[in-house]
Amino acid sequence: LHMGKTMKEDLTVVVKYIKQLYPPEFNVFSTYAELYHNYFASQAKKNAESHLEDKDIYLLLSWVHNIYPKDMRKDHVLAEELEKVKLGSLLPSSLSKELENKYLDSEEATIKNSLSKCLDKEIQRWKEDKEPEKLNGHFQSELLAIFVIQSIYSGQKRAKDISTAVGEELSHRLSKELPAFLKSYKDAFEDFKEKSKKHRYYKPILIANINNCWNFRDYAEKNMAEKDDNKASILSTLGDIENSGFDVLLQQLFAQLKPIYKKFTENKWDSSSEIMNEIIKTTSKHISDFRTLKDPFYHAIVEKIHARLVKEYIVRLLKRKVSLKTPAQQQNLAQHISKNAADLEAFCTSNGSQATWLNSALPKLAEIIRLQDLGAIKIEVATLATTYPDIRKRHLEAFLHIKANLSRGELKSILGYLADSTASMPLGAPLFSNINVS
């Protein structure tokens, strides 16, 4: 700093006062500039060849790439004169490259180490007998994502401040660090999930970890190129953590719902409104716990619940437990299903489900049961297959068991129509493909 300041001030004096005292052919400014530069370069070389701490390497590289060529040689008083002199770099390129590699190795190791320590601290926090902190009503451990992203970003910025090339090289080296960190984070999360089920704050910690994924997801979406393989890896790992957490959070609810759904077929659908009320009441108790999830995750879990409620209802319709011979009986069941469907849709929508694609499944099935005209049934089947292209013959055959007044020929005709209408359909959001028909 002292040398730089002295060189800048002295050369300014040469430009302003001394240069005009000499004839132009003396090139007096050039003489001064070269002498100062050579001395400065020899000192820089001497320092570069000695043992330097990391922060000294950074400072020396900053002088070589940044401060000396930009702040000093582009100084508004000196720039024009220095342009004529054509001074070289402060360090030979081979020595400069050697320092850059030392700096990059050190910075990469430091960031890796700090991310590892950060994860260890996070794991320790899970083991403490403390409820995670809340922000705006959502459980979270905000510092984890902030620290990790900040560590990588700060490292990249520091390197970029030396030079664009050094910045790009460090960014390239660090590009695998976030995916690697998140894989370690996922492993630690899975370990906690399996081994800490009796932890007092088990569910709040799961929710906090799901919420943590949001900042990582947001960072990747906004800062990484669409075709970047690392981005795909990051989003895939985050999806695994989120879904793994959702599965555990939903286990108890789904276990409680199973025996309630069985009542539909056990009671021949006679008290279906009361059974649906029981399903909604049971689900409602659990949904209130999920309000501590951040909004995108809350909506995601509610949509999973919505899909499960619809799917379980369809499963009961495909059980071949009810076979109705008269149109009046079929119309009565269709009314029950339509009422249940409306109650289910109202409940899920009021709790924030945006899975509108599920809403027409049960009403369409109810309509197929209600209709008696073969042509009308075929049209409704075709519409159902267009909306849910993963429905297969086996599903429809099991469902049509309810319509006991269909002849074998009529049944075959309807099933054939489904095969034709779904032959070229792409697979949309799965509903029927998750349903096994016994």
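This section describes a lysine surface patch, two loop residues with positive phi and one side-chain contact within a helix. The model is predicted, and local features require pLDDT of at least 70, side-chain atom pairs count only at pLDDT 80 or more, and totals for chains, interfaces and linings use all residues. Residues are numbered from 1 along each chain as its sequence is written, and side-chain values use heavy atoms, with hydrogens and water left out.

Lys262, Lys268, Lys319 and Lys321 form a positive surface patch (residues with over 30% relative accessible area and no salt bridge, like charges being joined within 9 Å). Of these residues, Lys319 occupies the loop between helix 12 (295-317) and helix 13 (327-350), helices being DSSP runs of H or I with at least four residues. Lys319 is partly exposed, at a relative accessible area of 33% (buried means under 20%, exposed over 50%, partly exposed in between, with a 1.4 Å probe and protein chains only).

Lys268, another member of the patch, is placed in the loop between helix 10 (229-266) and helix 11 (272-289). Its phi is positive, near 55 degrees. Most residues other than glycine have a negative phi. Asn27, also not a glycine, has a positive phi of about 45 degrees. Asn27 belongs to the loop between helix 1 (2-18) and helix 2 (28-49) and is partly exposed, with a relative accessible area of 48%.

Thr237 is located in helix 10 and is buried, its relative accessible area being 5%. A polar atom of the Thr237 side chain lies 2.9 Å from the backbone oxygen of Ser233.

Methods
Patches are made of residues with over 30% relative accessible area and no salt bridge: like charges are joined within 9 Å, nonpolar side chains (Val, Leu, Ile, Met, Phe, Trp, Tyr) within 5 Å. Accessible areas come from the Shrake-Rupley method with a 1.4 Å probe; for residues, only the protein chains shown count as cover. A salt bridge is a side-chain nitrogen of Lys or Arg within 4 Å of a carboxyl oxygen of Asp or Glu. Lys and Arg count as positive and Asp and Glu as negative; His and the chain ends are not counted. The place of a charge is taken as NZ of Lys, CZ of Arg, CG of Asp or CD of Glu. Helices (H or I, at least four residues) and strands (E, at least two) are DSSP runs, numbered from the N terminus. A polar contact is a pair of N or O atoms within 3.5 Å; within protein, one must be able to donate a hydrogen and the other to accept it, and residues adjacent in sequence count only if both atoms are side-chain atoms.
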